[in-house]
Amino acid sequence: MGNLGKLVLFVTLVFVGATSAWSTDPQVPCFFIFGDSLVDNGNNNGILSLARANYRPYGVDFPQGASGRFTNGRTMVDILGFRSFIPPYATARGDEVLRGLNYASGAAGLRSETGSNLGQHYPFAEQINHFRNTVQYMRRTFKGNTTKLRDHLSKCIYFVGMGSNDYLNNYFMPFYYPTSYEYSPSTFATLLLQAYSQQLMQLYNLGARKVAIIGIGQVGCIPYELARNRNSNNGRNNSQCNETINKDITIFNNGLVQMVNRFNKQKSGAKFIYVNTFQTSKDIAANAASYGFKVVDRGCCGVGRNNGQITCLPYQTPCSDRTKYLFWDAFHPTEVANVIYARKAYSSKSKSDAYPMNIQQLARA
């Protein structure tokens, strides 16, 4: 959700014109996307789920209207030179799968129970199964030539952004899930990282080599959590982040760096990178004015304290100038914010933003 994007989602599907601000030709032959509502562009539309955004005002600035969850603006698909958005797996047909698909599902997590409070969705394990189906189809397209297929898949970029719902719609929701009672923050992070590594190994075995692992952003600073923070009272907006949440997420993010290093050292041909959206979100919040933001503690569209107690409702009127808001709704950044995330991930020379290389370098590797 987010001016059609979501939480730290700066990557997905956007309508691209004949030319791009960054490139006129695709820099890689295909782009496959795995994740949650931050990059879901329609996979949840046909299932019984509250985690979808195929209604106004979502898509208010998107040329083709609201059709699902995806970043609205010149994001990674544009940067990589694709001339049209990458289609969702749920509706993809024929040879369009050759240039990539989006398997992301709103509310999805690494754990199977994550997000069940929002209805049906496709956890990461199921998304990988969907990719497995895609590889089977592509094998027929390549007439059974496994060598050519593997070569094709090895040149693609795989965007993987998982984990935020395992905290937001699991660990930090103790009235619905028991995980915070059963596991310490470090133990829970370890369990998530073990599952993540095993699932990424399946992706690697299916042919993925250039993989961008997207870290979790400052969940403790999104409008939803600001509104829930007990320091807020008397119905007033709260601007104090929940640093307990941010601290727990940092444990997981640190583990992602170690996981990336292991894949690169132990797996032949692996080129995994870590995109530090947590650091970027801190930078944007600390230097909001220099980025052009005037409002960083409430959503452009939403209900209640910080416009974060209830996310943007169908046909609700959003703020008039979305370029001044860091957050679109209770959970997700605006288009302008997503563009900042995308640019840093793509071209930043700082290893604190992208490690051990950025996405531009990954495309060329």
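At 1% relative accessibility, Asn246 falls below the 20% limit and therefore counts as buried in this predicted model. Asn246 is part of helix α8, which spans residues 243-266. Beyond its neighbours within four places in sequence, Asn246 is in contact with Gln218, Val219, Gly220, Cys221, Cys241 and Phe278.

**Overall composition**

The protein chain contains 11 helices and 9 strands. Of its 365 residues, 57% count as buried. Among contacts in the protein chain with a separation of 6 or more, 76% are accounted for by residues 24 or more positions apart.

**The five-stranded sheet**

An open sheet is formed by 5 strands in the order β1-β2-β3-β4-β9, and its pairing is mixed. The edge strands are β1 (31-35) and β9, each of which pairs on one side only. In general, strands of a sheet pair through backbone hydrogen bonds, either parallel or antiparallel. The table sets out three of the pairings in this sheet.

| Strand pair | Sense | Bridges | Bridge partners, including |
|---|---|---|---|
| β2 (residues 157-161) and β3 | parallel | 4 bridges | Tyr158 and Val211 of β3 |
| β3 (residues 210-214) and β4 | parallel | 5 bridges | Val211 and Phe272 of β4 |
| β4 and β9 (residues 354-355) | antiparallel | 2 bridges | Val275 and Ala354 of β9 |

Val211 appears in two of these rows: it is the bridge partner of Tyr158, and its own partner in β4 is Phe272. On the other side of the β4 pairing, Val275 is bridged to Ala354 in β9.

Strand β4 (residues 271-275) has 4 of its 5 residues buried, so this strand is largely enclosed by the rest of the structure.

**Packing of helices α2 and α6**

Helix α2 (residues 124-141) and helix α6 (residues 185-205) have axes that come within 10 Å and cross at roughly 5°. Because angles under 35 degrees count as roughly parallel, α2 is roughly parallel to α6. On the α2 side, the contact is made by Phe124, Ala125, Ile128, Phe131 and Arg132. The α6 side contributes Tyr196, Gln199, Leu200, Gln202 and Leu203. Sorted by class, this contact of α2 with α6 comprises 7 nonpolar, 2 polar and 1 charged residues.

**Aromatic pairs**

A search of the whole structure yields 23 aromatic pairs. One of them is the pair of Phe34 and Tyr103, which is stacked, with 4.9 Å centre to centre and 15° between the planes. This pair links distant parts of the chain: Phe34 belongs to strand β1, whereas Tyr103 lies in the loop between α1 (76-79) and α2, 69 residues apart. With a relative accessibility of 0%, Phe34 counts as buried. Tyr103 is buried as well, its relative accessible area being 1%.

Tyr55 and Tyr58 form an aromatic pair that is edge-to-face, with 5.2 Å centre to centre and 90° between the planes. Tyr55 and Tyr58 are both buried.

**Links between these elements**

Several of the elements described above recur. Strand β1 is an edge strand of the sheet, and its residue Phe34 joins the loop between α1 and α2 through the pair with Tyr103. Helix α2, which borders that loop, is the helix whose axis comes within 10 Å of the axis of α6. Within the sheet, β4 pairs with β3 in the parallel sense and with β9 in the antiparallel sense.

How values were computed:
Residues are numbered from 1 along each chain as its sequence is written. This is a predicted model: local features need pLDDT of at least 70, side-chain atom pairs count only at pLDDT 80 or more; totals for chains, interfaces and linings use all residues. Side-chain values use heavy atoms; hydrogens and water are left out. Axes are lines fitted to C-alpha atoms, for helices over the stretch in contact, and angles run from 0 to 180 degrees between N-to-C directions. Angles under 35 degrees count as roughly parallel, over 145 as roughly antiparallel, 65 to 115 as roughly perpendicular and the rest as oblique. Contact means heavy atoms within 4.5 Å. Ala, Val, Leu, Ile, Met, Phe, Trp, Tyr, Cys and Pro count as nonpolar, Asp, Glu, Lys and Arg as charged, and the others, Gly among them, as polar. Buried means under 20% relative accessible area, exposed over 50%, partly exposed in between (1.4 Å probe, protein chains only). Two strands pair if DSSP finds at least two bridges between them. Rings of Phe, Tyr and Trp (its six-membered ring) pair if their centres lie within 6.5 Å; planes under 30 degrees apart count as stacked, over 60 as edge-to-face and the rest as tilted.
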